[in-house]
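Subject: A structure for you to look through

Dear colleague,

I am handing over the structure we talked about, and I would be glad if you kept it open beside this message while you read. My notes come after it.

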Amino acid sequence: MDFDNAQNQAEALFDSIEAVEPVGADLLPGKLFDEIGFNVIASPLLKPLVLSRIIYPTSKLKITDYWQQYHGIEVKIDEVYRYLDKLHEKEKHRIEQISFQHTQRIMGSELLQMVFYDVTTIYFEAEEDDLRKTGFSKDGKTQHPQMVLGLLVSRGGYPLAYDIFEGNKYEGDTLLPVINSFKARYGFEQITIIADAGLMSKANIEELEKNKHH
């Protein structure tokens with residue numbers, strides 16, 4: 001390097017750079033996304049949405065700014081919202097199936113010795129609608145409409161299935177729909193279910209035992 005002309009050389013170097021793009025997102029979580037099998041879903045929006053949620057968790061509007069600034073991806077916010085509707089209505093079961101198959105590869109015969117179920121609430125800065133209802137909020141946001149999210153996981157916390165419910169739904173009433181749907185899809189005759197006392201009501205326990213679960 002010609003140190004007598006360092007300034008000009010530095011300017012020439014920087015002028016020759018056409019783009020700067022962070023690659024860390026694809027090197028680790030992006031590779032895991034592909035190895036799990038989610039890359040078989042054709043939408044170009046799924047992977048950026050998932051990686052952004054891990055690396056830069058923020059509103060959908062800010063995510064589109066993040067994509068534009070750091071990755072040169074131009075997506076209108078309306079496209080994101082439309083895709084989320086499609087994801088829930090048409091691709092949810094495929095997502096669950098991929099996750100289940102990945103968990104099955106990891107755990108093998110131990111997969112369904114026991115499963116764990118719990119719920120959380122997610123609130124919105126929006127008006128009520130058919131899904132978003134005011135109810136008991138685990139975040140203490142009782143003034144906001146919300147939805148209830150139920151998640152079924154294996155030992156080790158690997159996700160198996162999920163579903164969403166109206167925000168004013170009693171959490172105990174979400175257990176059986178998730179378990180029964182999961183059983184119907186994969187044909188398991190007997191499952192050992194772990195959940196807290198708020199979910200294991202007398203009626204739920206009786207129904208589970210009637211269906212030969214533990």
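Below I go through the sheet, the salt bridges and a few places at the surface.

Please bear in mind throughout that this is a predicted model, and that residues are numbered from 1 along the chain.

The sheet

I suggest starting with the open sheet, which has 4 strands in the order β3-β2-β1-β4 and shows mixed pairing. The strands β3 (159–166) and β4 (193–194) stand at its edges, and because each has a single partner strand, one side of each is left without a neighbour in the sheet.

You can then follow the pairs of strands in turn. Strand β1 (residues 115–123) and β4 run parallel and are joined by 2 bridges; in these, V115 has I193 of β4 as its bridge partner, while F116 is partnered by I194, also in β4. By contrast, β1 and β2 run antiparallel, with 9 bridges joining them. Two places to look for this pairing are T120, whose bridge partner in β2 is L149, and I122, whose bridge partner in β2 is M147.

On to the next pair: β2 and β3 also run antiparallel, and 7 bridges join them, including one in which V153 has P159 of β3 as its partner. These two strands form a hairpin with 4 residues between them, and in the turn you will find G156, which has a positive phi of about 90 degrees.

Is β2 enclosed or open to the outside? Of its 9 residues, 7 are buried, so the strand is largely enclosed by the rest of the structure. Part of the surroundings of the sheet is helix α7, which lies across β1, β2 (146–154), β3 and β4 and runs at about 140 degrees to β3.

The salt bridges

A search of the whole structure finds 6 salt bridges, and I describe some of them here. Three residues, K92, E96 and R185, are linked in a network of salt bridges, which is worth taking one link at a time.

In one link, the side chains of E96 and K92 meet at 3.2 Å, counted from N to O. Both residues lie in helix α6 (residues 77–107), 4 residues apart, which is about one turn of the helix. In another link, E96 meets R185 at 2.8 Å, again from N to O. Here E96 lies in helix α6 but R185 in helix α7 (residues 175–186), so this pair ties together parts that are 89 residues apart in sequence.

How covered are the members of this network, buried or exposed? E96 counts as buried because its relative accessibility is 4%, where buried means under 20%. K92, at 8%, counts as buried too, whereas R185 is partly exposed, with a relative accessible area of 31%.

A separate salt bridge joins K47 and D34, whose closest N and O atoms are 3.2 Å apart. This pair links distant parts of the chain, since K47 is in helix α4 and D34 is in helix α3 (residues 29–36), with their positions 13 residues apart in the numbering. Both residues have some access to the outside: K47 is partly exposed at 22% relative accessible area, and D34 is partly exposed at 30%.

Places at the surface

There is a nonpolar surface patch of about 330 Å², made by V50, I54, I55 and Y56. Of these, Y56 is found in the loop between α4 (46–55) and α5 (60–71), and with a relative accessibility of 36% it counts as partly exposed.

Finally, please look at K212, in the segment after α8 (202–210). Its relative accessibility is 63%, and K212 therefore counts as exposed. Which feature of its backbone deserves a second look? The phi of K212 is near 70 degrees, a positive value in a residue other than glycine. Most residues other than glycine have a negative phi, which is the reason for pointing this one out.

With best wishes

How values were computed: This is a predicted model: local features need pLDDT of at least 70, side-chain atom pairs count only at pLDDT 80 or more; totals for chains, interfaces and linings use all residues. Side-chain values use heavy atoms; hydrogens and water are left out. Patches are made of residues with over 30% relative accessible area and no salt bridge: like charges are joined within 9 Å, nonpolar side chains (Val, Leu, Ile, Met, Phe, Trp, Tyr) within 5 Å. Accessible areas come from the Shrake-Rupley method with a 1.4 Å probe; for residues, only the protein chains shown count as cover. A salt bridge is a side-chain nitrogen of Lys or Arg within 4 Å of a carboxyl oxygen of Asp or Glu. Buried means under 20% relative accessible area, exposed over 50%, partly exposed in between (1.4 Å probe, protein chains only). Two strands pair if DSSP finds at least two bridges between them. Contact means heavy atoms within 4.5 Å. Axes are lines fitted to C-alpha atoms, for helices over the stretch in contact, and angles run from 0 to 180 degrees between N-to-C directions.
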